[in-house]
Amino acid sequence: MKAGLDEQIRKYARVLLRVGVQLRKGQPLCVEAPVSAEEFVLILAQEAWKEGASDVAVLWRSSALERKEMLYRAPEKELTLESAAEELAKQGAAYIHLEAPEFYDDDVPADRVRKRAQINAAVRAAFRKYGNGAGQTIACVAGKSWADRVFLDIPEAERMEKLWEAILYCTYCDQPDPETIWKQYLETTAKRKAFLDSRHYQAFHYTGPDTDLTLRAADGDFWKGSCVKKDDRISVPNIPTQEIFISPHKYSANGHIAVTKPLNYAGEIVEGIHLTFSQGRVVQWSASKNQKILDSIIQADAGSCYLGEAALVDEYSPIARTGRLFYNTLYDENASCHIALGSTIGPPFDPEEKEQRGYNTSSVHVDMMVGSEKLTIRGQLPDGSWENLLVNGRIVL
């Protein structure tokens with residue numbers, strides 16, 4: 001690797017610990033990671049112990065093994081990792097989920113792909129349920145399959161290094177003091193969310209190529225994103241992150257919208273998605289590639305055909321400036337405005353109040369990128385007038 005890249009990777013580990021989960025002295029750390037990420041996990045564990053972690057537990061995953069399982073049988077409830085995660089969460093462990101996307105050409109039944117994606121979300125769900133405010137974050141590490149997909153246009157021997165450089169650039173870890181940059185970003189984003197909340201928008205209108213969609217926020221909802229505050233701890237749930245989002249009212253979406261980037265769903269690439277909504281529900285949908293996967297997502301349960309998120313992202317974010325399509329939701333959703341089908345990420349209301357306020361409930365939450373340099377989003381003010389939030393992909397407020 002280039003000189004200095006190893007130290008930048010170590011900075012990245014420290015950002016995950018100090019910014020992502022705000023690891024505290026004496027606190028245990030749980031890392032969920034692909035087996036291919038062992039080298040980085042060693043660095044992460046070393047830095048965690050330097051920070052005073054009482055223990056580092058690693059829950060290993062093998063996407064290749066999971067893929068074989070999907071080929072030969074329908075995945076079942078995964079008790080081992082889920083029960084281990086629950087125990088660690090109850091102990092107050094911080095949680096870092098690492099991804100190194102892999103891609104496959106074999107033919108797996110769509111319902112098995114969806115089931116495996118839901119099972120793989122169980123560890124994170126356990127920390128959300130039992131974590132009691134402990135920091136949690138999701139991040140990526142470089143992997144050969146991912147590097148080969150993103151940097152197909154450069155010599156194979158250089159791809160892993162290029163991918164690491166992109167990860168470090170997108171997380172500010174190529175800079176001398178990334179932690180200060182993250183602090184400034186979080187402060188700026190907090191002000192932006194407060195300003196948007198002060199406008200009390202009654203509705204939002206999306207227009208662009210093959211897009212004309214209106215929706216409104218769930219009753220009493222507010223702008224979220226970039227960080228989560230629990231007691232005296234502020235953690236960043238995704239690194240990188242460039243989004244702020246609302247929870248759409250379950251029954252409010254009307255119109256149609258084009259998905260502008262491919263969706264990577266459990267290793268399956270879905271392209272050319274177009275969705276049509278009526279009273280919040282997806283009533284027509286299509287994909288130019290892997291229609292069966294889109295069908296499986298939308299038909300997963302009673303809530304999977306409604307929206308759970310609508311996010312603003314500037315097309316000039318660091319990730320967008322790389323000019324690369326990453327075929328990974330964590331990166332692509334932070335380079336582009338997006339919507340999500342399925343469950344709402346919002347206040348922990350009981351099911352009855354969620355329904356009354358218009359928050360959606362589902363077993364899935366699938367982000368789909370809808371941003372482009374031709375997308376405009378306007379917000380309707382209480383007096384009925386409209387103002388621009390985003391014009392040609394750029395946030396203007």
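Leaving aside neighbours within four places in sequence, which residues is Phe40 in contact with? In this predicted model, Phe40 is in contact with Ile9, Tyr12, Ala13, Leu16, Leu98, Val141 and Trp164 when those neighbours are set aside. Phe40 also ranks among the residues with the most contacts inside the largest nonpolar core, together with Tyr12, Leu98, Trp164 and Tyr331. The points below treat the cores, two helix crossings, and several backbone and loop features.

**Nonpolar cores**

- The largest nonpolar core has 57 residues. Its largest share, eight residues, comes from helix H1 (residues 5-20).
- Apart from this core lies another, of 48 residues, which includes Ala253, Val282, Val364 and Leu389.

**Helix H1 and its end**

- The buried residues of H1 include Leu5, Ile9, Tyr12, Ala13, Leu16 and Leu17. Ile9, Tyr12, Ala13 and Leu16 are also among the residues that Phe40 contacts.
- Charged side chains are represented in the buried set of H1 as well, through Lys11 and Arg14.
- Gln22 follows just after H1, in the loop between H1 and strand E1 (28-34). Although Gln22 is not a glycine, it has a positive phi of about 50°.
- Gln22 counts as partly exposed, because its relative accessibility is 29%, and the partly exposed class runs between 20% and 50%.

**Crossing of H1 and H9**

- H1 and helix H9 (178-199) pack at an angle of about 40°, and their axes are 10 Å apart. The two helices are therefore oblique to each other.
- The crossing of H1 past H9 is right-handed.
- On the H1 side, the contact is made by Lys11, Arg14, Val15, Arg18 and Val19; on the H9 side, by Pro178, Glu179 and Trp182. These residues divide into four nonpolar, no polar and four charged.
- Of the H1 residues in this contact, Lys11, Arg14, Val15 and Val19 are listed as buried.

**Crossing of H5 and H10**

- The axes of helix H5 (residues 110-120) and helix H10 (residues 291-298) come within 9 Å, crossing at roughly 55°. That angle makes H5 oblique to H10.
- This crossing of H5 and H10 is right-handed.
- H5 contributes Ala110, Asp111, Val113 and Arg114 to the contact, and H10 contributes Lys292, Ile293, Ser296 and Ile297. The contact residues comprise four nonpolar, one polar and three charged.

**Tyr172 and the loop before H9**

- Tyr172 is placed in the loop between helix H8 (159-170) and H9. Its phi is near 70°, a positive value in a residue other than glycine.
- Tyr172 counts as buried because its relative accessibility is 13%, and the buried class lies under 20%.

**Loops flanking strand E9**

- A cis peptide bond, with omega of about 10°, joins Ile239 and Pro240. Pro240 lies in the loop between strand E8 (233-235) and E9.
- Lys250 is found in the loop between strand E9 (244-246) and strand E10 (254-258). With a relative accessibility of 12%, Lys250 counts as buried.
- Not counting residues up to four places away in sequence, Lys250 touches Gln279, Gly280, Tyr306, Glu355, Gly358 and Asn360.
- The C-alpha atoms of Lys250 and Leu307 are separated by 6.2 Å, although these residues are 57 residues apart along the chain.

Definitions and conventions
Residues are numbered from 1 along each chain as its sequence is written. This is a predicted model: local features need pLDDT of at least 70, side-chain atom pairs count only at pLDDT 80 or more; totals for chains, interfaces and linings use all residues. Side-chain values use heavy atoms; hydrogens and water are left out. Axes are lines fitted to C-alpha atoms, for helices over the stretch in contact, and angles run from 0 to 180 degrees between N-to-C directions. Helices (H or I, at least four residues) and strands (E, at least two) are DSSP runs, numbered from the N terminus. Angles under 35 degrees count as roughly parallel, over 145 as roughly antiparallel, 65 to 115 as roughly perpendicular and the rest as oblique. A crossing is left-handed if the near helix is turned anticlockwise from the far one by less than a right angle, and right-handed if clockwise. Contact means heavy atoms within 4.5 Å. A nonpolar core is a set of buried Ala, Val, Leu, Ile, Met, Phe, Trp, Tyr and Cys residues joined through side-chain atoms within 4.5 Å. Buried means under 20% relative accessible area, exposed over 50%, partly exposed in between (1.4 Å probe, protein chains only).
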